[in-house]
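Open the model in your viewer and keep the selection tool at hand. The stops below go from one set of residues to the next.

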Amino acid sequence: MKARFNLRIILLICLSLFAIMQVTPSFAMTLNQAKAQGLVGEQVNGYVGIVSANAPPQVKAMVNKVNVRRRQAYLQIARKNRTSLNAVEAIAGKTAIGKTPRGYFIKTPRGWARKP
Amino acid sequence: MKHAVRTTLLLPLLPLALVACSPTVRVMAPQKPITINLNVKVQQEIRVKVAKDVDELFKEKKGIF
C-alpha cells in the first residue's frame, strides 16, 4: 500500500514538472519541442531555421548552437569523404526534410510551409 | 589484240582509278573524353558514402537533429 502511494506522488510530481516545463519560457526548450510547436523547422541547406521572427530569444539561441554543432559534424563528414561541405549540407538537408513528420514546418526554395 | 599496247599501258592505272572512286575511310578518336564517365561514377560512390554517414549522424546525435 505504502509503495503504491509513493509511486503515485512521484508520478504526479513528474507530470507537474513536465507541464510546467512546457509552459514556462525560461526553461530550455529542446529542438524537437520547438519543432513540434512550429517555432523552427528543417531547411534544404541542412540547418535549422526559425519560422517566425517572434520566436523567443532562448529558441533562437538554441537554434544557433544546434547549427554550429551541425556544421562541425558536416565538416567532419566532408573531410572524411574528401568532398565539399556544400555537398554534405545538401544531402543532410534532404535527409532531414525526408525525416520531418507531416505538418511540421520545412523551408523550401519557395519559403516556409508545413510538410504535406 | 589490236588494243594490246593500249591495254597494257592503261592496266597499271586501273587500281589508281579504283582508289579514287572508293570512299575514304577515316579512323578518329572519339570526341568525348572517357574520363567524364569515370567522374560520374566516382561522384555517385561518394554520394552514397556521405548519405550513409549522414544517416549515422542522425542516429547518433539526436540532440541536434
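**Where the two chains meet**

Across the interface of chain A and chain B, 3 residue pairs are in polar contact, with both residues of each pair at pLDDT 80 or more. The pLDDT values are there because this is a predicted model.

To see which parts of chain A form its side of this interface, select helix H2 (31–36), helix H3 (57–81) and helix H4 (85–99) of chain A; these are the elements that give two or more residues to the side touching chain B. Now keep H3(A) alone: with 8 residues, H3(A) gives the most to that side. Colour the side of chain A that touches chain B by residue class, and 9 nonpolar, 4 polar and 5 charged residues appear.

Next, show every residue in contact between the chains. The selection holds 18 residues of chain A and 13 residues of chain B. Together the two chains bury about 1500 Å², and 69% of that area is on carbon and sulfur atoms. Pick out A:Ile77, A:Asn81 and A:Ile91 in chain A: these lose the most area to chain B, together 34% of what the chain A side buries.

**The salt bridge between the chains**

Which residue of chain B pairs with A:Lys80 in a salt bridge? Select B:Asp53: its side chain and that of A:Lys80 meet at 2.9 Å, N to O. B:Asp53 lies in helix H3 (residues 35–60) of chain B and A:Lys80 in helix H3 of chain A, so the pair joins two chains. The count between chain A and chain B is 1 salt bridge.

Are the two partners buried or exposed? B:Asp53 has a relative accessible area of 15% and is buried. A:Lys80, at 59% relative accessibility, counts as exposed.

**A network within chain A**

A search over all chains finds 3 salt bridges in the whole structure. For the next stop, hide chain B and select A:Lys35, A:Glu42 and A:Arg70, which are linked in a network of salt bridges.

Start from A:Glu42. Its salt bridge with A:Lys35 has the closest N and O atoms 2.8 Å apart, and both of these residues are buried. Then turn to A:Arg70, which forms a salt bridge with A:Glu42, the closest N and O atoms being 2.7 Å apart. This second pair links distant parts of the chain: A:Arg70 is in helix H3 of chain A and A:Glu42 in strand E1 (residues 40–43), 28 residues apart.

How buried are A:Arg70 and A:Glu42? A:Arg70 has a relative accessible area of 0%, and A:Glu42 has one of 3%. Both count as buried because the cut-off is under 20% relative accessible area.

**Chain A as a whole**

Finish by showing all of chain A as a cartoon. Its secondary structure comes to 4 helices and 4 strands. Followed from the N terminus, the elements run α-α-β-β-α-α-β-β.

Switch to a surface view. Chain A exposes about 7900 Å², of which carbon and sulfur atoms supply 62%. Of its 116 residues, 34% count as buried. Last, consider the contacts in chain A with a separation of 6 or more: residues 24 or more positions apart account for 42% of these.

Definitions and conventions. Residues are numbered from 1 along each chain as its sequence is written. Chains are lettered from A and ligands numbered from 1 in the order in which they are written. This is a predicted model: local features need pLDDT of at least 70, side-chain atom pairs count only at pLDDT 80 or more; totals for chains, interfaces and linings use all residues. Side-chain values use heavy atoms; hydrogens and water are left out. Buried means under 20% relative accessible area, exposed over 50%, partly exposed in between (1.4 Å probe, protein chains only). Contact means heavy atoms within 4.5 Å. Accessible areas come from the Shrake-Rupley method with a 1.4 Å probe; for residues, only the protein chains shown count as cover. Buried area is the accessible area (1.4 Å probe) that two parts lose on being put together, summed over both. A salt bridge is a side-chain nitrogen of Lys or Arg within 4 Å of a carboxyl oxygen of Asp or Glu. A polar contact is a pair of N or O atoms within 3.5 Å; within protein, one must be able to donate a hydrogen and the other to accept it, and residues adjacent in sequence count only if both atoms are side-chain atoms. Ala, Val, Leu, Ile, Met, Phe, Trp, Tyr, Cys and Pro count as nonpolar, Asp, Glu, Lys and Arg as charged, and the others, Gly among them, as polar.
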